[in-house]
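Here are some notes on the fold you sent over, jotted down while paging through it. They cover the sheet and then a few odd backbone angles.

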Amino acid sequence: MSGEAGDSNGGLRADKWLWYARFFKTRSLASKVCQAGKLRLSGLGVVKPHHKVKVGDVLTFPQARHIRVVKILALAERRGPASEAQALYEDLKPPDAESRLPRGTPSPTDGAGRRQPGAGRPTKRERRDLDRLRETE
């Protein structure tokens with residue numbers, strides 16, 4: 001695997017490392033976090049998924065409803081089992097109640113989020129409720 005793991009450049013793509021370390025289910029989700037500017041590398045914002053990370057870097061990023069702070073201990077060459085992935089990093093701030101994002105804040109991995117009731121096209125349930133209301137008038 002020449003160049004794939006980033007040996008010659010001394011680093012690995014941020015999105016690949018996050019995926020290899022099993023923080024995100026797909027590499028595209030890891031890329032979206034980077035592109036949204038949610039990833040911080042040793043205190044500096046990263047907006048490109050191809051930004052190189054190396055051993056000793058500290059990453060801060062949201063995962064689901066938690067803020068994760070991890071130190072990179074090793075670079076991987078493949079996405080292996082969870083036991084292998086856990087050896088790639090040291091969790092500096094394990095997820096707890098204080099690190100949770102507020103309830104109304106959408107996670108970058110949630111996609112568009114849920115639709116607010118009454119906004120946009122009615123759901124099947126809302127349409128049936130409207131039909132029942134109109135029948136009684």
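1. Start with the sheet: it is open, has 5 strands in the order 3-2-5-6-7, and pairs in the antiparallel sense. Its edges are strand 3 (44-46) and strand 7 (89-93), each of which pairs on one side only. Going from one strand to the next, the twist averages 30°. Keep in mind that this is a predicted model.

2. Next, strand 5 and strand 6. Strand 5 covers residues 58-63 and runs antiparallel to strand 6, with 6 bridges joining the two. Threonine 60 has valine 69 of strand 6 as its bridge partner. The hairpin formed by these strands has 2 residues between them, and there alanine 64 takes a positive phi near 55°. For context, most residues other than glycine have a negative phi.

3. On to the pairing of strand 6 with strand 7. Strand 6 spans residues 66-72, and its antiparallel pairing with strand 7 extends over 4 bridges. Two of the cross-strand positions can be picked out by eye: valine 69 is opposite lysine 93 of strand 7, while isoleucine 72 is opposite tyrosine 89 of strand 7. Valine 69 is worth a click, since it turns up in both pairings: it is the bridge partner of threonine 60 and also faces lysine 93.

4. How much of strand 6 is buried? Mostly covered is the short version, as 5 of its 7 residues are buried. In the sheet order 3-2-5-6-7, strand 6 sits between strand 5 and strand 7.

5. Now a loop between helices. Arginine 22 is in the loop that links helix 1 (14-20) and helix 2 (27-35). Its phi is near 65°, which is positive even though the residue is not glycine. Is the residue buried or exposed? Arginine 22 comes out as partly exposed, because its relative accessible area is 38%, and the partly exposed class lies between the buried limit of 20% and the exposed limit of 50%.

6. A similar note goes for the loop from strand 2 (39-41) to strand 3, where serine 42 is found. Serine 42 is not a glycine either, yet has a positive phi of about 50°. With a relative accessible area of 46%, serine 42 is therefore partly exposed.

7. If you want a short list of backbone angles to look at, I'd include alanine 64 in the hairpin, arginine 22 with phi near 65° and serine 42 with phi of about 50°.

Definitions and conventions: Residues are numbered from 1 along each chain as its sequence is written. This is a predicted model: local features need pLDDT of at least 70, side-chain atom pairs count only at pLDDT 80 or more; totals for chains, interfaces and linings use all residues. Side-chain values use heavy atoms; hydrogens and water are left out. Two strands pair if DSSP finds at least two bridges between them. Axes are lines fitted to C-alpha atoms, for helices over the stretch in contact, and angles run from 0 to 180 degrees between N-to-C directions. Buried means under 20% relative accessible area, exposed over 50%, partly exposed in between (1.4 Å probe, protein chains only).
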